[in-house]
Every structure is written in C-alpha cells, then in structure tokens.
Amino acid sequence: MAVMKRGFYNLKPYIYYGDYPQEQVSGYARLSVVKPEYIKTDVPFSNDDVAVSLYNNHALTEQELVDMEQALQKIMRCINVKEFNKVMFTETEQRLGIELPKEIKILYTALCQMDTLMFGEECFLPLDELYMDKENLVFYKVKRTPIALSLNDGVLMNYHKKEWNYDQGNESFLCYVLDRLVVKAITEMPMCKKGKISGELRTIVSPRNPLQEIFKGKFNVLEEYRNYGNIILFNENGALGWFRQNGFFADILIGCLNEKILTELLSTSLSVKWE
C-alpha cells in the first residue's frame, strides 16, 4: 500500500486536509494565496502552510473515495438504476487471496447493477474474472491488453511489451474508471449522438463554465470528476454527456433514455456538427 501522510492537499480547484500518498507529490501551493471558497476544511493554517499537489496518477485519498462513490451513484441514476443491490465480494477475495481495495469495491458495487457495462471488446472484467498479475489487480481490458490497479502503490498500471508500467502523468484510477464507465453507459442508452465541436469550445483553456451556461437547466457538470480537458455531464432524468477537448479539437457524446430529452439537449446553442 502507498505510504500516506497527513496534511493539506490539492484536488483542483479545492484544498482538503487528510491523508495523501507522500511519495506521489508533484509540487506545493501556499495556502495563504488560495481563495477561501476553495478551502474545504476547518483545520486552521498559517501563512507558511502549504498544500501538496499530487501526480495525476496517484493513490486515491479518502476524499476521492467519497467522490467516486457519489459520482457513480449519480451516473447510475441517469441510466435508471435508482438503488444499488448489495454485492458480495467474499468469494472473489477468497479466490484471489487478497482483500479487495476500497476503490475496487466501490466500482464493482456500481458495475454489478448492470451486467452490460462489463461486456465488449474493451470493457471492465466481470467480478469473477478479476485476476492478479504480480502485485497488480487486473480489472479492465482493451482488446487483449490488461489494465490494473497496483496493490502496492494504489496507482493505475499499464501493460506494454510484456511489462507493467507506471506513468505518473497518466489518469488516476478515479478518472480512468469514470471516463470508461460513462462512455460505455452512453453507448448502451437507447438514444446516442456524437458530434464534433467548433468555435471557442474547441480550444478554450477551461470549458467547464461555458458548458454549464450552454446546458443550463438541461445538464449538470459532474464535479467529482477532475480530468484535464474532459468533462462529464449528467441529468438524472435520463441523460449523460461526455465532452473531450485537447486544445486542438473537441467532441461530445450524448446518450438519453428518451427522445424528448435528446431533442431538448440538441436544441442548445452548442456549436457542433452531429454525426
């Protein structure tokens, strides 16, 4: 397990206080220059105190585990899963000879509510197909290429040239699973549209606020998801959206449970060419 240290840490744009992986720190920010509305803790601090920034690919903090659970509940409600049935992990833990990490249990509590989220050429593995490779728990496959969670460091691991690799600039486990789950859920919805974005949103540094204004009253931004350039949109009445932008191009994927919601979403002022 990752070695944790207690202190202030940054999950953009907010500051929290708690345990963070001390060997996965990329920098520091002085708390005295942070706007008060971005400080999400009552723990007092001085002008000399700093909050650490973490590598993109880091072991999840307790706050992120809470965020992950809340985000998955919101996403699942959008595809008409209102309540979660209890999922038993004992058999899987006995088969693997490990105690499953909290993030895996949170993820699979959501996935097991809808089996179709675990089928396809690129997919999450069913619970009874999870397996260990060295100290890595494989939970996802892209064709035949496995993706795993390191039980030693709590980070996302990629398999390349017959070796497990850690990239500190890669997505965290939280961002990775939310990204893949939302795209999978959208493509499983009865109404699905994909489009290429034009105009300011194609290159804007921070597309979050403009998107919120464009879809005001129709979509909310999933605040628990913090992945540069990507934004998850949700409407618990039956719609999900996934926006992706890298400074050169941008596209959007929208899924809905009925045509009425889709028509409302497509009627916005978004500059997009739908496929």
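Colleague: Hi! Which residues are exposed on the other side of H6, away from its buried ones?

Modeller: Hello! This is a predicted model, and in it Glu259 and Lys260 are exposed on that other side of H6.

Colleague: And which residues of H6 are buried?

Modeller: Helix H6 runs over residues 259-266, and Ile261, Leu262 and Leu265 are buried there. Those three sit on the same side of H6 because they cover an arc of only 100° around the axis.

Colleague: Nice. What covers them?

Modeller: The cover includes three strands: S11 (191-197), S14 (239-245) and S15 (250-256).

Colleague: While we're there, what caps the N-terminal end of H6?

Modeller: Asn258 does that. One of its side-chain oxygens lies 3.1 Å from the backbone nitrogen of Lys260, which is also one of the exposed residues of H6.

Colleague: OK, switching to pockets. How much space lies in the largest pocket?

Modeller: About 920 Å³. The lining has 31 residues, and Lys12, Pro13, Arg226, Asn227 and Tyr228 are the closest to the centre.

Colleague: Which helices and strands each supply at least two residues of that lining?

Modeller: On the strand side there are S1 (4-11), S4 (50-54) and S13 (230-235), and the helices are H4 (173-188) and H5 (208-214).

Colleague: Which of them gives the most?

Modeller: That's H5, with three residues.

Colleague: How do the lining residues divide by class?

Modeller: The largest pocket is lined by 12 nonpolar, 13 polar and six charged residues.

Colleague: What about the second largest pocket, how much space is there?

Modeller: About 390 Å³. Its lining is made of 19 residues, and those nearest the centre are Met1, Leu60, Pro101, Lys102 and Glu103.

Colleague: And by class?

Modeller: For the second largest pocket, the lining has 10 nonpolar, three polar and six charged residues.

Colleague: Which elements each supply at least two of those lining residues?

Modeller: Helix H1 (62-78), helix H3 (102-111) and strand S8 (145-150).

Colleague: H1 is where I wanted to go next. Is Asp67 buried or exposed?

Modeller: Asp67, which has its place in helix H1, counts as buried because its relative accessible area is 4%, and the cut-off for buried is under 20%.

Colleague: Which residues does Asp67 touch, leaving out those up to four places away in sequence?

Modeller: Asp67 touches Glu224 and Arg226. You met Arg226 earlier, among the residues closest to the centre of the largest pocket.

How values were computed. Residues numbered from 1 in each chain as written. Predicted model: local features only at pLDDT ≥ 70, side-chain atom pairs only at ≥ 80, totals over all residues. Heavy atoms only, no water. 1 Å grid on protein atoms, 1.4 Å probe; cavity = no way out; pocket = protein on both sides within 12 Å on 5 of 7 lines; lining within 4 Å. Points joined across faces, edges and corners; volume = space filled by probe spheres on them. Helix = DSSP H or I, 4+ residues; strand = E, 2+ residues; numbered from the N terminus. Nonpolar A, V, L, I, M, F, W, Y, C, P; charged D, E, K, R; others polar. Buried < 20%, exposed > 50% of the residue type's maximum accessible area, 1.4 Å probe, protein only. Arc of directions from axis to C-beta. Contact = heavy atoms within 4.5 Å. Polar contact = N/O pair within 3.5 Å; in protein donor to acceptor, adjacent residues only side chain to side chain.
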